[in-house]
Amino acid sequence: MDGDGQASGPSVWPTVMATFVVAALVVSLLSLGVVVDKTQGGSGAGATAAPAAESPGFDFAAQPSDGFQARDARAPEPTTQAPPEVHKVTFDIVEKRIEIAPGVSQLMWTYNGEVPGPTLRGKVGDRFEVTLVNHGSMSHSIDFHASEVAPNVTMRMIAPKQTLVYEFEATHAGIYLYHCGTPPIVQHMAMGMYGAVIVDPPHLPAVDDEFVLVQSELYRETDPSQPVGYDEIVADRSDGVAFNGYVNQYAEQPIRVQPDRKIRVWVVNAGPSGIASFHVIGAIFDTVYKEGEYVLRPGRDRGGSQALDLMPAQGGFVEFTLAVPGKYPFISHRIADASRGAAGEFAARAAATNAGG
Ligand SMILES: [Cu+2]
């Protein structure tokens, strides 16, 4: 946890701003405190009932391994080429052990060796050609929610060593989930086979910083030779919740931004079963886009939004600015999930050239 205390030097700011910042920090620290408290309560000697093979869970107070590098949360750059642009990518399905929480490396089933898989980006009218290559030990597949195709044909399973080319046209804007559709789907998803496709709406304005967060539940393996337990997954008893595949990674390594700049965060809820309520502590969203439409835009009514709610497989984006320098936690405000991994932080610091001291 990045808990090294208060920002320095608020006394030089105007009183109103200072009051705001202190209040935000108090809220922020309380929030982060919840993380620690819950962890200590929950990681005791098996006090919580766990059926069958007991999951050791995650230690949310632990530190990542040396050299841990949080996944880059920046969104792929939008392209300016007129549609139809063709996006050709290869997804290598690889079953491998990767780190998903401090001290926890376990077998995951992946697209291109990472959880979530790569984020793709295009615009309405573009075409995607995804070559799926199965290097795994069992059948896998892919289901792009951004596509309109015959599932029995294009989303078909491929055996180990087989290849499939999945082509589709981006006909509708939004941020879409993709995932493996091989039964049991819930297990292939809990093992890490999901990711996001961004299809820019026409006339999407440029912003200063743009990020992608894929929220998902994580399950701890109980036997390194086996995938995570099917019974636990269908019972929705996850061990943690993550942004971009690793619990609390952006609390450990905050995302650096600047105050007073326009930030857009795309969020998709990969589930497989949980709900998401994306919230940035100390900020108000002035723009919310959800499931293909703007539900809030800046206007004379000055409406504000505090959370983007997403059911499994839903997505959207929010836009906001951070008023002053400081540490702004972001969480799923399904607050139990914030206590078990769905928490991160934007560190807003003025650019060196503008720093007033
Ligand atoms: Cu699969």
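Start by selecting strand β12. I263, V265, V267, N269 and G271 point one way from β12, and R264, W266, V268 and A270 point the other way. Residues on both faces are buried. Keep in mind as you go that this is a predicted model.

**Stop 1: around β12**

Colour residues 263-271, the span of β12. Nine of the nine residues are buried, so the strand is largely enclosed by the rest of the structure.

Now add strand β9, residues 209-218. β9 and β12 pair in the parallel sense, over eight bridges. To find the register, show E210 and R264: R264 in β12 is the bridge partner of E210.

Next, add strand β17, residues 315-320. β17 runs antiparallel to β12, and six bridges join them. Pick W266 and look across to β17, where F317 stands opposite.

**Stop 2: the loop before β12**

Select D260. D260 sits in the loop between β11 (255-257) and β12. Check its backbone: phi is positive, about 60 degrees, although D260 is not a glycine. How buried or exposed is D260? Residues with 20 or more C-beta neighbours within 10 Å count as buried, and those with 12 or fewer as exposed. D260 has 13 inside 10 Å, so it counts as partly exposed.

**Stop 3: the whole chain**

Zoom out. The protein has six helices and 19 strands. Of its 357 residues, 42% are buried. Take the contacts between residues at least 6 apart in sequence: 76% of them join residues at least 24 apart.

**Stop 4: β1 and its partners**

Select strand β1, residues 86-101. Then add strand β4, residues 127-134. The two pair in the parallel sense, with eight bridges. Use I93 as a marker: its bridge partner in β4 is N134.

Add strand β2, residues 104-111. Here the pairing with β1 is antiparallel, again over eight bridges. A101 stands opposite V104 of β2. What do β1 and β2 form? They make a hairpin with two residues between them. Click on G103 in the turn: its phi is positive, about 80 degrees.

**Stop 5: two cis peptide bonds**

Follow the chain on from β2. P116 lies in the loop between β2 and β3 (120-123). A cis peptide bond joins V115 to P116, with omega about -5 degrees.

Then jump to P184, in the loop between β7 (174-179) and α3 (185-190). The bond from P183 to P184 is cis too. Its omega is near -10 degrees.

**Stop 6: two more loops**

Select I281, in the loop between β13 (276-280) and β14 (287-290). Is I281 buried or exposed? I281 is buried, because 22 other C-beta atoms lie within 10 Å. Now show E345 as well. I281 and E345 are 64 residues apart along the chain, yet their C-alpha atoms are separated by 9.0 Å.

Finish at R302, in the loop between β15 (293-296) and β16 (308-310). R302 has a positive phi of about 55 degrees, although it is not a glycine. With 8 other C-beta atoms within 10 Å, R302 is exposed.

Terms used. Residues are numbered from 1 along each chain as its sequence is written. This is a predicted model: local features need pLDDT of at least 70, side-chain atom pairs count only at pLDDT 80 or more; totals for chains, interfaces and linings use all residues. Helices (H or I, at least four residues) and strands (E, at least two) are DSSP runs, numbered from the N terminus. Two residues are in contact if their C-beta atoms, placed from the backbone, lie within 7 Å. Two strands pair if DSSP finds at least two bridges between them.
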